[in-house]
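Student: I should like to work through this structure by question and answer. Where might we begin?

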Amino acid sequence: MYLISLGLTLRGKNTEYKEIRTSFKSNSLTNFAFNNMCGLSGIYHLDGAPIETTSLLKMNRLIRHRGPDDEGYLLINTKTGAQTHHFHDDSITEIKKTSTQLPESTTANLGIAFRRLSIIDLSVTGHQPMSDQEQNCWITFNGEIYNYIEIKNELQSLGHRFISGSDTEVLLHSYKQWGTHCLERFIGMFAFVIYNHKERTLFVARDRIGIKPFNYYFDGNRFVWASEEKQFSKSNLVTLSPNEFKMVEFLRDNKSFEDTDTFFKEIKQLAAGHFALINQNGLTITKYWDLPKQVNQISWNETQSIESIQSLLKDSIKLRLRSDVPLGVALSGGIDSSSVCCIARSLTDTSIQTFSVYYEGIKYDERKYIKAVLDIGGFKSTFYSGSHDVNLNEIKNWIYQQDAPTTGASPFSAFQNYKNVKNAGIIVLLNGQGGDELYAGYPYFIKYYLAQLLKDHNYSAYGKTIYALTQNQGIKKVLSHAYLSWKVLQKNSSVVRQLEHQKYATRDLYPNTLHQNNFPNEDSFIDAALSRSIKQTHLPHMLRWEDRNSMANSIESRVPFLDHRLVESSFNIPASVKLQHGVNKYILRQSMKNIVPDIILNRKDKIGFGTPTTLWTHTTLAPGIQDIIQSKEFLDRPWWNGKAIRRKFEKNPYSFGENELWRILSSELWYQSFFN
């Protein structure tokens, strides 16, 4: 056992960073009570009409996977102030002894439900919905506030009294002390609802990056919320319909969750970094956080950038190692997951369990890179050997868990990996999500970097980058990067988007819904592209499938790279050291020297969570796809030309765009899951 010193930073509105230090034993964490990786449900009738308790129960039962350890219900009449707490089948014994079962009918116009996955303790003091001592404010909370001990100490100095050791109670008291400004103090991932009876207002919030989900329906009177869209579809509260425009954007332009729309026309998602207030005046949504503005940037040199990454990433991982349940790391063989794995190993005196996926005999086998990390020692590894014998029913069941079609099969492979995690008894899993978006890990960013060099008249660096890219990628790809960089420089984002996505889709198979969305005035093309990647184009859909995959297996996923302090600091790092001479994630590679094995730091061929999507759709799944595209129902869908898809498949299935057949298949299976 040894002590780890944590350097934590808090940012308030228009305030300086404040450093707080504490310590904890890395393998004896009984003082910490993270127990909130859970599921939320709720119904609020603003006009005072009684809610449907049977619908509330259905919504909560549908997400038992998010919280199998406990469930709780609260019914409130917001006019009279009457409050009743209830249990149901999965509620812990203490709650069953002190409350009544959820009734089949009620006079309450507000119903709040909760499912609980316990990370540290399963005591009654961590049960939700949770109230303050006066029972004026009630909370349900999905997530973790990693710095809750430091906040709790501050609140105690201000006179607050606590009856539990949970971060939920700290969050509730933070709201009572600072109101909506409490959000500025949290380091963590969260989606929560607080009902303030004194003000008769619901306060709803989602974390800065959007790690935890929050979906809602509002018709001007009924406000219904849930962690997952499937809760709406089975509740009998909302008649759902497919979002046809969203479907076309997804199929033709490879867009998933770039705004607050979902694939269900009636359901919205609360945007990351936003909160909402719901009262008799309706719904008001406010942004409380955003990525740093370029005009306020402090540009660091390479040494400062390395020091920042090393310090903040280590600190972020320290926080996320707080757990009293078995913990593991997803290890893919890339720089990001290897960095998390190696740093985590250095911070604990116990072995780290790793979980990896590979496919035998094809290019998606990364075991030699994974082995380089494992050879450091102190790891216990588990591998999922991907099967070629996937079937439509298996995929359809998984698509139902996702609540949406997916752009490729990589998330499906990750889901299989989570099965191994669950079978091993692991409750918390760390992964490397976010490193590519922070430090320019995708080839997608190269055109923006080249455009920036041209804009800055840095022709020497431009020439060196072109030369280096030619050596590494070949002249054909370099010409593509160069051409797209000219389009970026001309600020024609519609053309750029179409050109960069033409490999993914056969555009004439889908309706034409043109969007004119040119680049705004930007000081840095690369920083703007990174910002869009975090907020729109890449990270939102990956965080979504990460949440659904992990919670479907009752596992908490932690993402150290997406600590908001690390995200903010990444925008102080100049583009010249993120993509130096075309080497992606150059600054992260430099930062992880002597931490991550050189074979991983020097590799140039990492392609993400490698999965044989095309192999599946053109072999194992081909007969099933053939049957689907022959059906009248498929041919009549408004978001594609079904007959043209059928002709193209029968003539040459390999003529579709990259992963296009998977998107078509997953779209159809999604529709069948929710509307047939």
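Tutor: Axes are lines fitted to C-alpha atoms, for helices over the stretch in contact, with angles from 0 to 180 degrees between N-to-C directions. This is a predicted model, in which local features need pLDDT of at least 70 and side-chain atom pairs count only at pLDDT 80 or more, while totals for chains, interfaces and linings use all residues. Residues are numbered from 1 along each chain as its sequence is written, and side-chain values use heavy atoms, leaving out hydrogens and water.

Student: How are α15 and α16 oriented to each other?

Tutor: Helix α15 covers residues 475-489 and helix α16 residues 493-501 (helices, H or I, have at least four residues and strands, E, at least two, as DSSP runs numbered from the N terminus). Their axes come within 9 Å and cross at roughly 160 degrees. Angles under 35 degrees count as roughly parallel, over 145 as roughly antiparallel, 65 to 115 as roughly perpendicular and the rest as oblique. The angle therefore makes α15 and α16 roughly antiparallel.

Student: How many residues in the contact of α15 with α16 are charged?

Tutor: From α15, the residues Y483, L484, K487 and V488 meet V495, V496, L499 and E500 of α16 (contact means heavy atoms within 4.5 Å). Ala, Val, Leu, Ile, Met, Phe, Trp, Tyr, Cys and Pro count as nonpolar, Asp, Glu, Lys and Arg as charged, and the others, Gly among them, as polar. By these classes the contact of α15 with α16 has six nonpolar residues, no polar ones, and a number of charged residues equal to two.

Student: How are α13 and α15 oriented to each other?

Tutor: The axes of α13 and α15 come within 8 Å and cross at roughly 60 degrees. The orientation of α13 and α15 is therefore oblique.

Student: How many residues in the contact of α13 with α15 are nonpolar?

Tutor: On the α13 side, I446, K447, Y448, L450, A451, L454 and K455 take part, and α15 contributes H481, A482, L484, S485, W486, V488 and L489. Two residues of this contact are polar and two are charged, whereas the nonpolar ones number 10.

Student: What is the class count for the contact of α17 with α18?

Tutor: Helix α17 (residues 525-537) and helix α18 (residues 539-552) have axes that come within 5 Å and cross at roughly 40 degrees. These two helices, α17 and α18, are therefore oblique to each other. Their contact joins S533, I534, K535, Q536 and T537 of α17 to L539, P540 and H541 of α18. The count for α17 with α18 is three nonpolar, four polar and one charged.

Student: Which helices are among those that cover the buried residues of α17?

Tutor: Helix α17 is largely enclosed by the rest of the structure, because 11 of its 13 residues are buried (under 20% relative accessible area; exposed is over 50%, partly exposed in between, with a 1.4 Å probe and protein chains only). Among the buried residues of α17 are F525, L530 and R532. The cover over them includes α12 (435-439), α13 (446-455), α15, α16, α18 and α19 (564-570).

Student: Which residues does H501 contact, leaving aside its neighbours within four places in sequence?

Tutor: H501 lies in helix α16. With 11% relative accessibility, H501 counts as buried. Beyond its neighbours within four places in sequence, H501 is in contact with D253 and N254.

Student: How far apart in space are I426 and Y216, C-alpha to C-alpha?

Tutor: I426 is placed in the loop between α11 (410-423) and β20 (428-430), and its 4% relative accessibility makes I426 buried. Not counting residues up to four places away in sequence, I426 touches P326, L327, G328, Q353, F355, V421 and I555. I426 and Y216 are 210 residues apart in sequence, and their C-alpha to C-alpha distance in space is 31 Å.
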